[in-house]
Amino acid sequence: MSSETNIRHFPGGKEPVEKGVDGGSGPPHDSDMERRVERLEKKMEDVQGALTSIQVTLAEIKATMATKDDLTNVRVEVAEMKGRIAKLPSLAQIAALLAIAGAIFKGLSFIHS
């Protein structure tokens, strides 16, 4: 293998320094790596707890969620109800029937008098 790299150095720039994980002076190779990893591990525990809670919630939702067949049945029932409602008399038809009934009642009362 060649010791050449594809790194270009800009004038006035810093030369790359190879240091170990704990040997650097700044992130990500600083000497505070252990504390940072512990903090990340703690946050991951929190994330795992949140994910577990989300999984439980999703399982509850899935258990009560309507299926495609359920929705098809609802559509059929709604269509049947629309058909029944369409057959009901309208307000104008009810008013006309009441007027006819009133006229018949008036005519009968006229005959008896």
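**Exercise 1.** Which residues make the nonpolar surface patch of about 660 Å²?

Solution. The model is a predicted one.
- Step 1: The patch is made by Met44, Val47, Leu51, Ile54, Leu58, Ile61 and Met65.
- Step 2: Take one of these residues, Met44, and place it in the fold: Met44 is found in helix α1, a helix that covers residues 33–64.

**Exercise 2.** Decide whether Met44 is buried or exposed.

Solution.
- Step 1: The relative accessible area of Met44 is 53%.
- Step 2: A residue counts as exposed over 50%.
- Step 3: Met44 is therefore exposed.

**Exercise 3.** Identify the residues that form the negative surface patch, then classify Glu45 by its exposure.

Solution.
- Step 1: Glu34, Glu38, Glu41 and Glu45 form the negative patch.
- Step 2: Glu45 lies in helix α1, the helix in which Met44 is also found.
- Step 3: With a relative accessible area of 55%, Glu45 is exposed, because the cut-off for that class is over 50%.

**Exercise 4.** Describe the secondary structure of the protein chain and the extent of its burial.

Solution.
- Step 1: The protein chain holds 3 helices and 0 strands.
- Step 2: Along the sequence, the pattern reads α-α-α.
- Step 3: Of the 113 residues in the protein chain, 3% are buried; buried means under 20% relative accessible area.

**Exercise 5.** How much of the area exposed by the protein chain do carbon and sulfur atoms supply?

Solution.
- Step 1: The protein chain exposes about 10900 Å².
- Step 2: Carbon and sulfur atoms supply 63% of that area.

Note on methods:
Residues numbered from 1 in each chain as written. Predicted model: local features only at pLDDT ≥ 70, side-chain atom pairs only at ≥ 80, totals over all residues. Heavy atoms only, no water. Patch = residues over 30% accessible without salt bridge, like charges linked within 9 Å, V, L, I, M, F, W, Y side chains within 5 Å. Areas by Shrake-Rupley, 256 points an atom, 1.4 Å probe, with all protein chains shown as cover. Salt bridge = Lys/Arg side-chain N within 4 Å of Asp/Glu carboxyl O. Helix = DSSP H or I, 4+ residues; strand = E, 2+ residues; numbered from the N terminus. Buried < 20%, exposed > 50% of the residue type's maximum accessible area, 1.4 Å probe, protein only. Lys, Arg positive; Asp, Glu negative; His and termini not counted. Charge placed at Lys NZ, Arg CZ, Asp CG, Glu CD.
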